[in-house]
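Welcome! Here is a guided look at a protein chain, written for someone meeting it for the first time. Take a moment to turn the structure around before reading on.

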Amino acid sequence: MADLNYNHLRYFWAVAHDGNLTRTAARLNLSQSALSVQIRKLEDRLGFALFERRGRALLLTEAGQIALDHADTIFAAGDDLVATLRETGARRQVLRVGAQSTLSRNFQIAFLRPLLGREDVEVVLRSGTVEELLRGLDALNHDVLLTNQPPLQDAGTPYRAQELGAQQVSLIGTPARARAGEASVEAHLRAHPVILPLQSSLIRAGFDALTAGYDFPIRIAAEVDDMALLRLLAREDLGLAVLPPIVVRDELQSGELVELAPLPALRETFFAVTRPRRFPNPLLADLLAARPLPEADPALR
């Protein structure tokens, strides 16, 4: 498609949105026949008819609808390009964030809080696996990626992983499970089943290492790959959840859940991953400087 004539595409795009060849020709200060010639040249290049006439109506064919979808994207990207380069150093109005799908929703809100509610800012938030989101970062679909699993750093990777903060991982449960005499981690784990992240997570790896020397089996009530679901299962009193307190911040503050014991040396670290850009999004600099989670929130203890 290197030889696609974008002037022809723009004429088609204008007619497709107007739905009327005569009106579009007048708006563009062209003759109707000249405009028709431009569209026929595009149809010849693509190999498909883009419009069909039904009486006086000018309707898109299936190929025409596909062409219009692509044209919308192309010309919107062009407008964004011009606006970005003209306003370099000024505030942009859109921040595109990719978030690891298993990441705490409360942490994501804490990170974005300085921008939320601002009428001049739109936040676009997409979730997915780290691999999917890194591809989006490479394709400039995201300004930043939020994760607890930073990408490997070597000479061949352009990514920058900035630590945003860390939080102690704890045993979290309902008040009914806070029994007298169960002060230690080992005592809690002897008495109660646990709800764990999957083995692919860093929290799970740390938990398995911590409990490997115990002389009793760990009773696993559930293994999940989503912090929101882990939070719900803890509220349902399925067992003790292994997670950072920020995940259940509201429940801890209301007393619906309690933090029974911190797990020694087990922490979750949050990162913002970016890649070098000539025109970085200015909205991002303020968020990275804010460090939404410098340490475990003492109010949750």
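Let us begin inside the chain, with a pair of charged residues: both E251 and R231 are buried. The model you are looking at is a predicted one, and every value below was computed from it.

**A pair of helices and their charges**

E251 and R231 form a salt bridge, and their closest N and O atoms are 2.7 Å apart. This pair links distant parts of the chain, since E251 sits in helix α10 (residues 249-254) and R231 in helix α9 (residues 227-235), 20 residues apart.

E251 has a second partner to look for. The side chains of R235 and E251 also meet in a salt bridge, at 3.1 Å from N to O. R235 belongs to helix α9 and E251 to helix α10, so this contact ties together parts that are 16 residues apart in sequence. How buried or exposed are the two ends of this bridge? R235 is partly exposed, with a relative accessible area of 34%. E251 is buried, with a relative accessible area of 3%; that counts as buried because the value falls under 20%.

These contacts belong to a wider group: salt bridges that share partners join R231, R235, R249, D250, E251 and E256 into one network.

**Salt bridges elsewhere**

Across the whole structure, a search finds 15 salt bridges. One of them joins R275 and D138, with the closest N and O atoms 2.6 Å apart. R275 lies in the loop between β10 (258-274) and α11 (282-290), while D138 lies in helix α6 (residues 130-138), so the bridge ties together parts that are 137 residues apart in sequence. R275 is partly exposed, at 26% relative accessible area, and D138 is partly exposed too, at 35%.

Here are the three bridges described so far, side by side:

| Salt bridge | Closest N to O |
|---|---|
| R275 and D138 | 2.6 Å |
| E251 and R231 | 2.7 Å |
| R235 and E251 | 3.1 Å |

**Strands that pair with β10**

Strand β10 is a good place to look next. Strand β5 (residues 144-147) runs antiparallel to β10, and three bridges join the two. If you find T147, you will see that F271 in β10 stands opposite. Strand β6 (residues 160-173) also pairs with β10 in the antiparallel sense, over 12 bridges. There, Q167 has E268 of β10 as its bridge partner. As a rule for reading such strands, side chains in a regular strand alternate between the two faces of the sheet.

**A hairpin and the residue L58**

Now move to strands β1 and β2. Strand β1 (residues 51-54) is joined to β2 by four bridges, and the two run antiparallel. F51 has L60 in β2 as its bridge partner. Together β1 and β2 form a hairpin with two residues between them, and G55 in the turn has a positive phi of about 65 degrees.

L58 is found in strand β2 (residues 57-60). Is L58 buried or exposed? At 15% relative accessibility, L58 counts as buried. Which residues does L58 touch, leaving aside its neighbours within four places in sequence? L58 is in contact with V15, G19, L21, F51, E52 and R53. For a sense of scale, the C-alpha atoms of L58 and G206 are separated by 64 Å, and the two residues are 148 residues apart along the chain.

**A nonpolar patch on the surface**

On the surface, L81, L85 and F279 form a nonpolar patch, with about 260 Å² of accessible area together. L85 lies in helix α4 (residues 62-86) and counts as partly exposed, at 43% relative accessibility.

**The chain as a whole**

Finally, step back and view everything together. The chain has 11 helices and 10 strands. Its C-alpha atoms fill a box of roughly 90 × 40 × 40 Å along the principal axes. The radius of gyration is 27 Å, whereas a compact globule of 301 residues would have one near 19 Å.

Of the 301 residues, 43% count as buried. The accessible surface of the chain comes to about 16000 Å², and 52% of that belongs to carbon and sulfur atoms. Among contacts in the chain with a separation of 6 or more, 74% are between residues 24 or more positions apart.

Key: Residues numbered from 1 in each chain as written. Predicted model: local features only at pLDDT ≥ 70, side-chain atom pairs only at ≥ 80, totals over all residues. Heavy atoms only, no water. Salt bridge = Lys/Arg side-chain N within 4 Å of Asp/Glu carboxyl O. Buried < 20%, exposed > 50% of the residue type's maximum accessible area, 1.4 Å probe, protein only. Pairing = 2+ DSSP bridges. Patch = residues over 30% accessible without salt bridge, like charges linked within 9 Å, V, L, I, M, F, W, Y side chains within 5 Å. Areas by Shrake-Rupley, 256 points an atom, 1.4 Å probe, with all protein chains shown as cover. Rg over C-alpha atoms; globule rule 2.2 N^0.38 Å. Contact = heavy atoms within 4.5 Å.
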